Amino acid sequence: MLSTQNVRQILIKTNGESLRKVRSLGPEKTIEFITRKGLKGRGGAGNLTGNKWLEVRTQPGGSEKYFVVNCDEGEPGTFKDRFILENNPETLIEGIEIACFAIGCRKAFVYVRGEYAALAREFRKKLDAAPRSVPIEVVVGAGAYVCGEQTALLNSIEGRRGTPRLKPPFPATYGLWGKPTVVNNVETVANAALAFRDDWRGDLYLFSVSGNVRKPGVYERALGTRLGELVRDCEPSETPKAVFFGAAGGCLKYDAALALEPAAVAAKGAAVGGGVMLGSCTLIIVGESRSIPVVCSSIARFFAHESCGNCAPCREITALLAKRLECSVGASGAAGGFDAKFNEFVAESSALLNTASLCGLGQCATASLSAALKQFPSEFESPAKSQSKTKSKTKIKKQKQADSRS
Amino acid sequence: MGKVEFSLNGKKTSAEEGANMLEFIRASGIALPGICYEEGKPPIGKCRMCVVEISGAYRTACTVKIAAGLEVKTDSAELKKMREAYEKLLGKTELEPEIKKFVCVPSQACGILSLDRKKCILCGACVRACDEQNINSLAMVERGKAARVETEFDKPIDLSRCVLCGKCSLKCPVGAINERDDTKRALDALEKAKSQGKTIVAETAPSIRVAVGEEFGFAPGTRVTGKMVAALRRLGFDYVFDTDFGADLTIMEEASELKTHLGKRLVVTSCCPGWIIVAEKFYPEALPLLSTCKSPQAMTGAMIKSYWAKKKGIDAKKIVVVSILPCVAKKFEADRPELANDGLRNVDIALTTREFAAMITQKKIDFASLPDEDFDDVLGVSSGGGAIFGVTGGVTEAALRMAFPEHAVEFKEVRGLEGIKVAEIKDECGSVKARVAIANGVGNARKLVDAVLDGKEKFDFIEIMACEGGCAGGGGQPKPTTKSVIEARTRGLYGEDEGKKVRRAQDNPGIKAVYRDFLGEPLSEQSRKYLHTRFHSRGKKK
């Protein structure tokens with residue numbers, strides 16, 4: 001279980017009160033209310049949730065519409081959805097009921113990533129115990145990162161191979177089994193229930209913090225909080241050097257003054273070539289003893305492993321990149337070094353992936369590497385700094401042993 | 001929807017809103033590359049080769065629908081660079097070594113379809129084709145670099161759901177999936193025929209004459225019967241017969257079965273080998289409803305090695321029958337041990353249209369400038385009823401012409417490319433004499449058979465063809481075989497029927513002779529020996 005001491009609002013149980021309010025408001029007014037309150041999606045894109053609901057509500061097709069909760073948080077370093085599923089499933093369920101009532105869905109699905117199978121079992125028990133007005137089905141994935149992409153997720157629920165669909169059509173018009181469908185993130189849905197409380201604050205987000213910190217975990221903070229403040233609370237184990245926004249969100253040189261807010265992060269990222277985003281508020285803190293190329297190699301391996309193989313650019317280039325990086329930093333940290341053409345190779349790969357990949361997975365696959373090359377060029381000089389990495393590993397091991405003894 | 005205006009390479013143009021952009025661009029005379037798109041089908045969008053610039057963004061043309069105000073650019077240095085890069089990616093950076101045979105246990109079906117992984121670009125056209133057939137034996141498995149096309153649970157093909165329709169090989173844009181290559185065996189046999197004292201006989205299925213020309217620059221559907229016969233003679237065949245003759249025989253037998261069972265029980269056609277495998281794998285309970293007739297290919301072969309051999313005074317053991325067919329499953333059929341008489345296979349080598357064309361090319365025969373030649377006598381004479389065996393609804397129409405000779409010769413109600421057709425044959429007073437149904441494509445066939453087995457529908461006669469459009473769209477036909485190509489071939493075959501003096505099988509003088517001199521009556525003991533067969537369950541698949 002993750003520690004709950006840094007979180008307050010998301011733990012509040014709404015106890016059916018929000019649903020009662022919603023029922024007296026009626027569907028249209030509910031959507032209006034959600035839009036007015038400014039609830040935004042927490043999955044990464046950050047669109048107004050009310051707009052998404054309204055679009056599907058006004059689609060023809062009667063009650064043959066579906067509501068899907070995306071709990072396939074496969075982004076490395078992200079664990080906030082798991083936190084909600086563990087600690088406040090009741091409010092999440094109420095959020096689902098509110099959404100179904102407002103949109104006019106007759107059935108909801110909660111898609112839980114394969115690695116959370118145990119959580120899904122617990123959640124099912126909670127579902128069985130709670131009084132419900134719509135059927136809610138829990139579907140457990142098979143462990144593919146790409147199923148977090150909403151159309152791949154829909155394919156997976158339908159029992160098909162979890163690969164992204166061609167868009168358009170988008171799920172709002174052609175979703176589950178071809179019916180209009182809303183896909184919302186877990187945190188968004190829980191907040192939809194909380195939004196009907198008078199003291200709800202729409203700017204409180206869950207941050208998943210990991211990396212070289214002594215207190216990794218879920219932190220509830222207002223958007224705009226300075227990176228330095230948050231990291232101080234997490235107690236860095238060494239001087240921070242960089243922050244990675246998951247694997248797909250790119251990275252920035254550590255700057256304590258950075259405001260943790262989508263526009264600010266994107267603006268800072270634009271200065272280093274773009275592709276950096278706060279996304280689902282994942283922060284992996286990388287300390288000074290760490291080798292950036294090694295981190296990038298690990299991320300490249302992740303993408304090569306998770307590419308669904310559907311479109312050639314992503315399938316071939318992610319594999320090539322992973323191999324290139326592994327040869328350069330070495331599997332065990334022994335450096336082969338980067339040759340002079342490495343930068344050019346990455347630039348070409350990024351361009352191809354960006355224009356030709358079918359989905360976000362391929363398009364984001366080089367975000368971290370590109371940003372790292374711009375901000376930490378000296379680390380990508382031959383030979384790579386491999387020794388510091390091995391050293392740091394043993395250091396951490398010793399630290400861990402010391403922790404467990406005390 | 002209506003017409004909308006947009007610009008293509010700077011020029012104002014208009015087209016139907018929502019129409020496919022790639023099709024429109026190609027129709028405007030611009031040769032846009034693109035490997036995985038097939039006209040009229042939902043796009044796959046994987047090969048990325050048809051990338052164009054649309055209002056400032058790079059998009060694949062196949063996935064874009066035409067809308068007002070779009071600015072489309074099909075050519076620029078940047079686009080050219082992108083296409084080159086994509087092509088390189090599809091060409092693969094690392095080659096995997098093995099050619100994977102879908103089949104690994106020694107068996108009858110061994111190697112009838114194989115996949116060359118070195119060529120496969122993972123576009124998924126075969127998977128879509130298999131899905132359209134509602135067989136779903138082929139699927140993508142694994143992910144990333146390990147992604148590959150595979151039969152379900154890596155099963156060998158004869159234990160899998162595959163029915164050998166060959167649609168995957170027909171739709172593969174890079175020739176990675178192929179039917180078993182029997183051209184070497186055929187050319188070998190032709191070469192050694194003289195020294196071994198053998199007589200080599202060819203028979204050509206109805207739909208070959210309207211398709212093989214496409215491989216040599218003729219428009220789809222052009223009838224090149226004469227050149228086809230001439231080409232076979234140039235290849236060294238001693239005699240060239242028409243499988244249409246066998247089709248006429250099939251009609252004599254099948255329509256007699258229909259007449260016997262009319263009002264009592266359903267008769268389902270048995271001439272499509274793909275459908276036979278569907279029935280044996282998926283509907284063993286329906287096997288007793290099948291006509292026991294052999295297919296035209298086997299009937300022709302059986303007659304060549306018995307009736308004709310005797311007549312000519314040739315030792316049947318010294319005859320090699322090579323059939324040219326639009327079909328991959330026919331290879332499997334030709335190998336069936338049941339299709340033999342007097343210890344001899346009915347057909348020795350079965351070739352697809354594509355293989356036939358490859359042989360012509362290999363032997364450097366200039367097909368287009370060949371003279372028109374006629375089929376050889378007796379087994380080369382056929383009726384219009386035999387000719388239309390090559391299209392969906394054709395077998396039904398031919399059978400009805402025989403069963404109801406009092407009716408006008410054409411039964412227009414059974415024609416057309418719809419997936420499932422239902423027609424009622426009425427007498428002058430309007431009472432129904434027979435209720436027939438026709439399905440083409442395995443997906444439609446399964447819907448129809450399910451409805452019949454569930455008792456929801458009742459028919460006297462059902463015709464099933466495993467391929468879209470019947471043999472005209474067969475799995476062994478030239479590429480591309482799209483809907484418009486199938487329509488053209490269909491028109492070609494109906495044109496042949498209309499031009500024939502003899503339209504009904506029973507009026508064919510050759511057929512009359514073979515019954516008078518050899519077989520006796522339809523369904524006689526002699527007919528049953530040479531023209532009928534049996535089927536067996538291959539373990540029910542779900």
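Reader: How many residue pairs are in polar contact between domain 1 of chain B and domain 2 of chain B?

Author: The count is four residue pairs, both residues at pLDDT 80 or more. That cut-off applies since this is a predicted model. Now look at the side of domain 1 of chain B that touches domain 2 of chain B: six of its residues are nonpolar, three are charged and none is polar.

Reader: How many salt bridges cross the interface of domain 1 of chain B and domain 2 of chain B?

Author: The rule finds three across this interface. As for single pairs, E132(B) and K41(B) join their side chains in a salt bridge, with N to O at 3.3 Å.

Reader: Where do the domains of chain B begin and end?

Author: Domain 1 of chain B covers 3–90, domain 2 covers 99–180 and domain 3 covers 184–531. On the contact between the first two, domain 1 of chain B gives nine residues and domain 2 of chain B gives 11. Their centres, taken over C-alpha atoms, are 29 Å apart.

Reader: How is the size of an interface often given?

Author: Often as the accessible area lost when the parts come together. Here, domain 1 of chain B and domain 2 of chain B bury about 820 Å² between them, and carbon and sulfur atoms give 53% of that area. On the domain 1 side, the residues that lose the most area to domain 2 of chain B are I35(B), I44(B) and K46(B), which together make up 45% of what that side buries.

Reader: Let me try chain A. What domains does its assignment give?

Author: It gives domain 1 (9–194), domain 2 (204–279) and domain 3 (291–406) of chain A. Domain 1 of chain A puts 15 residues into its contact with domain 2 of chain A, which puts in 13. The C-alpha centres of domain 1 and domain 2 of chain A lie 26 Å apart.

Reader: What area do domain 1 of chain A and domain 2 of chain A bury between them?

Author: About 1,200 Å², with 60% of it on carbon and sulfur atoms. In domain 1 of chain A, Q9(A), R42(A) and F79(A) lose the most area to domain 2 of chain A, together 38% of what that side buries. Now the pairs. The rule finds zero salt bridges across this interface. Nine residue pairs are in polar contact there, both at pLDDT 80 or more.

Reader: Next, the two chains. How many residues of chain B are in contact with chain A?

Author: 24 residues of chain B are in contact with 26 residues of chain A. The two chains bury about 2,000 Å² between them, 56% of it on carbon and sulfur atoms. R48(B), L89(B) and R143(B) supply 32% of the area that chain B buries against chain A, more than any other three residues.

Reader: With which residue does R143(B) form a salt bridge?

Author: With E306(A), and their closest N and O atoms are 3.1 Å apart. The rule finds two salt bridges across the interface of chain B and chain A. Eight residue pairs are in polar contact there, both at pLDDT 80 or more.

Reader: Last, the cores. Which residues touch the most other members of the largest nonpolar core?

Author: They are L249(B), W275(B), M303(B) and F356(B), in a core of 138 residues. This core lies between domain 2 and domain 3 of chain B, because both give residues to it. A second, separate core has 89 residues, including V231(A), A247(A), C296(A) and A356(A).

Reader: What does M303(B) touch?

Author: Leaving out residues up to four places away in sequence, M303(B) touches L249(B), W308(B), L379(B), V514(B), F518(B), L519(B), Y530(B) and L531(B).

Methods
Residues are numbered from 1 along each chain as its sequence is written. Chains are lettered from A and ligands numbered from 1 in the order in which they are written. This is a predicted model: local features need pLDDT of at least 70, side-chain atom pairs count only at pLDDT 80 or more; totals for chains, interfaces and linings use all residues. Side-chain values use heavy atoms; hydrogens and water are left out. Domain bounds come from an automatic or database domain assignment. Contact means heavy atoms within 4.5 Å. Buried area is the accessible area (1.4 Å probe) that two parts lose on being put together, summed over both. A salt bridge is a side-chain nitrogen of Lys or Arg within 4 Å of a carboxyl oxygen of Asp or Glu. A polar contact is a pair of N or O atoms within 3.5 Å; within protein, one must be able to donate a hydrogen and the other to accept it, and residues adjacent in sequence count only if both atoms are side-chain atoms. Ala, Val, Leu, Ile, Met, Phe, Trp, Tyr, Cys and Pro count as nonpolar, Asp, Glu, Lys and Arg as charged, and the others, Gly among them, as polar. A nonpolar core is a set of buried Ala, Val, Leu, Ile, Met, Phe, Trp, Tyr and Cys residues joined through side-chain atoms within 4.5 Å. Buried means under 20% relative accessible area, exposed over 50%, partly exposed in between (1.4 Å probe, protein chains only).
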